[in-house]
Each structure stands twice: as C-alpha cells, then as structure tokens.
Amino acid sequence: MGQTATERLNRAKSSKRVVLKTDFAGLNAGSSMFVATPKIVDDYVNQLPVGQFISMPELRADLAIEHDCDATCPLTTAIFLRLVAEAALEQLESGSEIENVTPFWRVVAPGDQVSSRLPVNRQWLERRRNDELLLSID
C-alpha cells in the first residue's frame with residue numbers, strides 16, 4: 001500500500017537552489033530558482049493569518065525572496081500545495097477539527113488548477129473562505 005498524503009508531506013526532503021541552464025517556465029537561462037519541499041509549503045501556508053488569501057504566484061514570489069532566488073519552481077510548488085491540501089483533507093476525514101489542519105484554502109482558490117484536482121468542490125472552498133472572512137471581522 002502506498003503512503004498517505006500526510007506521510008508524503010512529512011517525508012524528509014531538502015530544498016535546493018538551482019541555476020537554470022536553459023529557459024524554463026518564463027525564466028531565462030542563468031536565473032536562480034528555488035525548489036521548495038512539501039514541508040516548506042505547509043509551513044508557509046500555516047503562517048498566513050485567518051482571512052488572508054493569496055495566490056500561487058504570490059506564494060512563489062514570497063518563497064523566492066525568502067530564499068534569495070529569482071523565482072520558485074511553479075511545477076513543484078503546485079504539486080506540493082496539492083499534497084498539503086490532500087494531507088489536510090485526510091486529517092479532516094480522520095476527525096481533526098478544521099482549526100487544527102493546514103488552511104490550504106488560503107492559497108487554493110475555488111476554480112483554480114490545484115482545486116480542480118482535489119476531492120472537494122468549489123462550494124466547500126468558498127465556504128471555508130467565507131467562514132474565515134467572518135472570523136477575521138470579529
């Protein structure tokens with residue numbers, strides 16, 4: 001049997017800084033690109049305040065700045081964000097309370113590419129975001 005998303009999320013991996021040899025994902029050869037880990041993405045999402053929603057490009061830009069690179073890999077970041085979301089959903093299915101899981105809906109927007117690959121519908125994500133907006137007003 002394969003590993004759960006939570007096990008894959010917590011698997012030890014190292015981030016890296018890559019200098020591109022060829023153009024990639026809108027970056028020119030010679031640019032530095034940060035390749036995060038699932039845990040780095042998870043930690044980043046967990047530090048977002050209640051009611052603050054950002055886009056995937058904003059997440060990638062912040063990680064690039066934090067790690068002194070020109071950009072963060074769009075491909076691996078999307079994969080890792082999906083893994084973070086799947087692990088949170090597993091934890092919810094196992095009985096964890098919503099406030100005790102990584103709030104991936106602060107980055108995964110209804111209708112975006114990552115959300116289309118998750119076993120939740122647009123309304124579920126919209127409800128999470130609306131609930132947070134109400135909490136942030138209090």
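Which residues of α5 are buried? In this predicted model, they are W124, L125, R128, R129 and E132. To see how they are arranged, it helps to recall a bit of helix geometry. An α-helix has 3.6 residues a turn, so residues three or four places apart point the same way. The buried residues of α5 cover an arc of only 135° around the axis, which puts them on the same side of the helix.

Now take a look at the helix as a whole. Helix α5 runs over residues 122-137, 16 residues in total. From its first C-alpha to its last it reaches 23 Å, close to the 22 Å expected at 1.5 Å a residue. At the start of α5 you can find a polar detail: a side-chain oxygen of N121 comes to within 3.2 Å of the backbone nitrogen of Q123.

What do the buried residues of α5 pack against? Their partner is α4, residues 74-93. If you turn the model to view the face of α5 directed away from its buried side, you will meet the exposed residues L134 and I137.

Follow α4 next, for it takes you to the largest pocket. Rolling a probe the size of a water molecule over the atoms shows where empty space is left. The largest pocket holds about 370 Å³ of space, and 19 residues line it. Those nearest its centre are P74, L75, A78, I79 and V114. Helix α4 gives the largest share of this lining, with 9 residues. Both α3 (56-66) and α4 supply at least two residues each to the lining. Helix α4 thus appears twice on this tour: the buried residues of α5 pack against it, and it contributes to the lining of the largest pocket.

Methods:
Residues are numbered from 1 along each chain as its sequence is written. This is a predicted model: local features need pLDDT of at least 70, side-chain atom pairs count only at pLDDT 80 or more; totals for chains, interfaces and linings use all residues. Side-chain values use heavy atoms; hydrogens and water are left out. Helices (H or I, at least four residues) and strands (E, at least two) are DSSP runs, numbered from the N terminus. The expected span of a helix is 1.5 Å times one less than its number of residues. Buried means under 20% relative accessible area, exposed over 50%, partly exposed in between (1.4 Å probe, protein chains only). The arc is that of the directions from the helix axis to the C-beta atoms. Contact means heavy atoms within 4.5 Å. A polar contact is a pair of N or O atoms within 3.5 Å; within protein, one must be able to donate a hydrogen and the other to accept it, and residues adjacent in sequence count only if both atoms are side-chain atoms. On a 1 Å grid over the protein atoms alone, a cavity is a set of points where a 1.4 Å probe fits but cannot get out, and a pocket is an open set with protein on both sides within 12 Å along at least five of seven lines; lining residues have an atom within 4 Å of a point. Grid points are joined across faces, edges and corners, and a volume is the space filled by probe spheres set on the points.
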